[in-house]
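Thanks for coming. I will take a few minutes to walk through one model, starting from the inside and ending with the ligands.

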Amino acid sequence: MNAKNVALSLACAAFAVGCANKPLVKVANVNTPTTGQEKTNPDAGDTENHADKMLAEGRETFRYETFGSEQFWGAQLGLHKTIAGQAKGGIGPGLTPRQALNLGLKVDADRLPAIVVEAVKGGSLNLDDPEMTLELLRADSVVGVKGFFSNDKLVSVGIRCALCHSQVDDSIAKGIGERLDGWPNRDLDVGKIVLLAPNLEPLAQAVGADVTTARKVLTAWGPGKYDAQLNMDGKGFRPDGKSAATVIPAAFGLAGVNLGTYTGWGSITYWNAYVATNQMHGFGRFFDPRLGEPAQFKMAAKNELNNVNSENDRTTSKLAALHFYQLAIPAPKAPKDSFNEAAAKRGEGVFKGKAKCASCHVPPLYTEPGWSMHTADEIGIDDFQASRSPDKKYYRTTPLRGLFARKTPGFYHDGRFADLAAVITHYQGVLRFELSDSERADLIEFLKSL
Ligand code: HEC
Ligand code: HEC
């Protein structure tokens, strides 16, 4: 008996539970033929069961967990009051489904009763009645938003990861369909949604501004953008006067990618703990001494966001499965008719050859295996966003798979390049290479095919 098995048998003796059917010595003989029913290697079975469980739990968390964020969006900002409207115990006229859809919010058709789906399809659902918004929330069909009801009254709202990182396929109507987890919601106007809240004082305080300034910052974001660093450094605008927000990135195709975020704050699980506590305002634990540095992270240092320790931690126990689930989300394949296949094939040669793209975007990850970080100079842009990160000076090579699912509002961390042609023109200047018109066109088709 080896040391591990001795420990195991002691544990069995002490607790006398759950040990009876487990052999103390595990024999994994790969040559033994199986009947298809018994498992010769119990470890493999355990791993598969574990993987299934992690996937299911992680998906549940990604789609539905609010981490208690209703304590901020509902209890403090009062967002639910504007959604409900005065007639239903809130304030103002209430938010209609049409307005919600125009703000980029999405509806998960799988959660709607069949009769409602038929009404949407037939155009008989009244999209201008705020009561319908409450019905959609009651059915828990608004992607990433959870309404809390008491005696039929909307009393709070919380948010979930899916708010920003899921789309729907529009199969029933625009904004209504099957969920597409991991797709960034580039229609979502987070700033305008937050501006609906009757009390912006807690948000303004968190970013170290007055409410008027906070409003200006939120107004400047626009669809598909959010600033996940505003309450760290209080920087709402760049030196050139434009918004400091970044475009919402994909949460698919990230397996094999080393650091998360445009500027490499940390791994995916690092960032998930950060977002759940410091952005969504849920309950959890988060530790990063780098953010206690007041010269760079004025607001984080002031509010001790470098060491968050909620009494009721609803995050930490969910991080492992949440991480696992995100790694499992594949990048979607570009629809066959969305690019020219022969041109894309030729473009692959340009990507790997003359245009030097594959020196950083290494296939099949399309980012570098290893430490995939570059200075602003290397990619020929300003260092504003890089300087806001704990490392202060790098941008991460964005993995390019599923580019077709994130073409608005533009490419690069702030969406500065309106289309792929503009991206290539930029690189031609920085990396100094010449392409014929047809090579450029082929390269674009290749990027569209990823
Ligand atoms: C309000 C919108 C919003 C919500 C809610 C949100 N995120 Fe994000 N997420 C962003 C933005 C914006 C970034 C980009 C930040 C950056 O790079 O500086 C980001 C970055 C990420 C990244 C890094 C992607 C990459 O390419 O490296 C992952 C992974 C991620 N979020 C997962 C999550 C998870 C999991 C949750 C829930 C715990 C969540 N996000 C909640 C907006 C959001
Ligand atoms: C020196 C390394 C490097 C080289 C070479 C390089 N890239 Fe990039 N690429 C990056 C980095 C870093 C980013 C992230 C920039 C940002 O978000 O501001 C990026 C971002 C992109 C994006 C934007 C993705 C998105 O979702 O916003 C595209 C598209 C892209 N690169 C295509 C290319 C093409 C095409 C080439 C060849 C012409 C190329 N890259 C060459 C490092 C590189």
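**The nonpolar cores**

The largest nonpolar core holds 79 residues, and those with the most contacts inside it are Leu77, Val107, Val142, Val145 and Phe252. Helix α13 gives the most to this core, with six residues. A second, separate core has 15 residues, among them Ala344, Cys357, Tyr366 and Ile424. Before I go on, please keep in mind that this is a predicted model.

Back to Phe252 for a moment. Setting aside residues up to four places away in sequence, Phe252 touches Gly182, Trp183, Ile329, Pro330, Ala331, Pro332 and Gly402.

**The chain as a whole**

Next, the overall picture. The chain has 19 helices and 12 strands. Its radius of gyration is 25 Å, and the globule rule gives 22 Å for 450 residues; the two are close, so the chain is as compact as a globular protein of that length. Along the principal axes, the C-alpha trace spans about 70 × 65 × 55 Å.

Of the 450 residues in the chain, 41% are buried. As for contacts, take those with a separation of 6 or more: 66% of them come from residues 24 or more positions apart.

**A hairpin and a helix**

Now a local piece. Strand β2, residues 145-150, and strand β3 run antiparallel and are joined by six bridges. One of the pairs is Phe149 with Leu154, the latter in β3. The two strands form a hairpin with two residues between them, and Asn151 in the turn has a positive phi of about 50°.

How enclosed is strand β3 by the rest of the structure? Strand β3 covers residues 153-159, and five of those seven residues are buried, so the strand is largely enclosed.

Helix α7 belongs in the same discussion. It covers residues 130-138, and its buried residues are Pro130, Met132, Thr133, Leu134, Leu136 and Leu137. What do they pack against? The partners are α4 (79-84), α5 (97-102), β1 (107-108), and the two hairpin strands, β2 and β3. After α7 comes Asp140, with a positive phi near 50°.

**Two buried residues**

I picked out two side chains to look at individually. The first is Arg406, which sits in the loop between β12 and α18. Is Arg406 buried or exposed? The count is 22 other C-beta atoms within 10 Å, and the cut-off for buried is 20 or more, so Arg406 is buried. Apart from residues up to four places away in sequence, Arg406 touches Pro184, Arg186 and Ala250. As a distance reference, Arg406 and Ala342 are 64 residues apart in sequence, and their C-alpha atoms are 23 Å apart in space.

The second is Trp221, in helix α11, residues 211-221. Trp221 also has 22 other C-beta atoms within 10 Å, so Trp221 is buried. Leaving out neighbours within four places in sequence, the contacts of Trp221 are Val190, Gly191, Tyr226, Asp227, Ser243 and Ala245. Trp221 and Phe237 are 16 residues apart in sequence and 9.8 Å apart in space, C-alpha to C-alpha.

**The two ligand shells**

That leaves the ligands. Ligand 1 is surrounded by 26 residues, and the closest are Cys161, Cys164, Gly260, Thr261 and Tyr262. Three elements give two or more residues to this shell: α8 (162-165), α13 (268-279) and α15 (319-328). Which of the elements gives the most to the shell around ligand 1? Helix α13 does, with five residues. This is the helix that also gives the most to the largest core.

By class, the shell around ligand 1 has 19 nonpolar residues, seven polar ones and no charged ones.

For ligand 2 there are 25 residues around it, and Cys357, Cys360, Tyr412, His413 and Tyr427 come nearest. Cys357 is also one of the residues of the second core. Strand β12 (394-396) and helix α18 (420-432) each supply at least two residues of this shell, and α18 gives the most, with four. These are the elements on either side of the loop that holds Arg406.

How do the residues around ligand 2 divide by class? There are 15 nonpolar, six polar and four charged residues, whereas the shell around ligand 1 has no charged residues.

That is what I have.

Note on methods:
Residues are numbered from 1 along each chain as its sequence is written. Chains are lettered from A and ligands numbered from 1 in the order in which they are written. This is a predicted model: local features need pLDDT of at least 70, side-chain atom pairs count only at pLDDT 80 or more; totals for chains, interfaces and linings use all residues. A residue is near a molecule or strand if its C-beta atom, placed from the backbone, lies within 6 Å of it. Ala, Val, Leu, Ile, Met, Phe, Trp, Tyr, Cys and Pro count as nonpolar, Asp, Glu, Lys and Arg as charged, and the others, Gly among them, as polar. The radius of gyration is taken over C-alpha atoms; the globule rule is 2.2 Å times the number of residues to the power 0.38. A residue is buried if 20 or more other C-beta atoms lie within 10 Å of its own, exposed if 12 or fewer, and partly exposed in between; C-beta atoms are placed from the backbone. Two residues are in contact if their C-beta atoms, placed from the backbone, lie within 7 Å. Two strands pair if DSSP finds at least two bridges between them. A nonpolar core is a set of buried Ala, Val, Leu, Ile, Met, Phe, Trp, Tyr and Cys residues joined through C-beta atoms within 7 Å.
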